[in-house]
Amino acid sequence: MDKVINSVAYQAGRRIGEITIDDISEVLKQPDAFVWLGLWQPDDAFMRKIQQEFNLHDLAIEDALAAHQRPKLETYGDSLFIVVKTAQRVNDEILYGETHFFVGAHFLITVRHGASSGYAAIRARVEETPKLLAKGPGFALYSILDFVVDNYREIIGQYETQFDGIESAMFKSDFDPLAVEQVYRLRRDLLSMHNAAVPIADICNQLINLHETLIPKELRAYLRDVQDHARQVITLTDDMREMLTNAMHVNLAMVSVRQNEVVKKLAGWGAILAVPTVIFSLYGMNFTGMPELKTTWGYPVTLLVTLAGCIVLHLRLKRSGWL
């Protein structure tokens, strides 16, 4: 069935072999045995069959059938239901999916929805450490959580490269709408990554402190490592979002300063032009009794006074930094 990615039984840390869904209940009766079942977007009828084989809770089954669940850890009797967000970079776009876990003393079921890398490589790596695998499904759970968080860190590393370019573009006095759009998109992506990583840190904390039967003492150090990596992602996303916000503010301030300089220059030239405007408009009035109208030197004197006023005003504005 294409919805079953893998169905493997383990005993004492060693792989017994692949099993059918109908044989799962028999394997669960064997001591030191557990089943690792991987599913891909199963339908309702199939999940009901899985429920019967593993004696799973109705509410957990309903959540597993519906994608777009919030990341969480729920306890149902002797088993856990865990939801985490998965991330995958496809053509410079981050696609998010979900992995739902059913964890019991003798089973681990992973249900994948949406964008997610396969767990075959993780399964192979886990099978190479039978001593830890003998601790039960907790080690397999840790391995997948570690893989998910490592994907976060890899994406964050790619964001850091993109971040440096965007930050350089923001430290310009010209307004660049493309750079602002890139900042908005990156901050949105970082927020999505932050929201995916925060619950994993909390889930690891609960697994370490509240579920000793499923997470033996020997595995807690491994989960603390995953928790630490998740917190690194949280810190990096917060720092980059804060720095992008500051860079945007600096860009807006630089644009404002540049605009102010332009306004000052325009105001300075406007003041200079005001001198001839006032004088020439005054002498443009057609009144008979106006002074200096019949003076021989009146016209050149007026021009010289106007030019001198403009020069003096220009020098003073230049000295004050307005021109």
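These are my notes on two nonpolar cores, one helix and two backbone angles in a predicted model.

**Cores.** I looked up the largest nonpolar core first and found 54 residues in it. Ile82, Phe101, Tyr152, Ile200 and Leu207 have the most contacts inside this core. I then asked which helix gives the most to it. That is α6, residues 137-170, with 14 residues. There is also a second, separate core of 26 residues. I noted Phe46, Leu56, Phe102 and Phe107 among its members.

**Ile200.** I listed the contacts of Ile200, leaving aside neighbours within four places in sequence. Val84, Val148, Val149, Tyr152, Val226 and Ala230 are in contact with Ile200.

**Helix α4.** I went through residues 120-127 and found Ile122, Arg123 and Val126 to be the buried residues of α4. Viewed down the helix axis, the buried residues of α4 fall within an arc of 100°, so they line one face. Ala120 and Ala121, on the other side of α4, are exposed.

**Positive phi.** I checked phi because most residues other than glycine have a negative value. Ala12 is not a glycine, yet its phi is positive, about 55°. I placed Ala12 in the loop between β1 (4-11) and β2 (14-18). Its relative accessibility is 49%, so Ala12 counts as partly exposed; the cut-off for exposed is over 50%.

Gln41 also has a positive phi, near 45°. Where does Gln41 lie? I found Gln41 in the loop between β3 (33-40) and α2 (44-54). With a relative accessible area of 39%, Gln41 is partly exposed.

Key: Residues numbered from 1 in each chain as written. Predicted model: local features only at pLDDT ≥ 70, side-chain atom pairs only at ≥ 80, totals over all residues. Heavy atoms only, no water. Buried < 20%, exposed > 50% of the residue type's maximum accessible area, 1.4 Å probe, protein only. Helix = DSSP H or I, 4+ residues; strand = E, 2+ residues; numbered from the N terminus. Arc of directions from axis to C-beta. Core = buried A, V, L, I, M, F, W, Y, C linked by side-chain atoms within 4.5 Å. Contact = heavy atoms within 4.5 Å.
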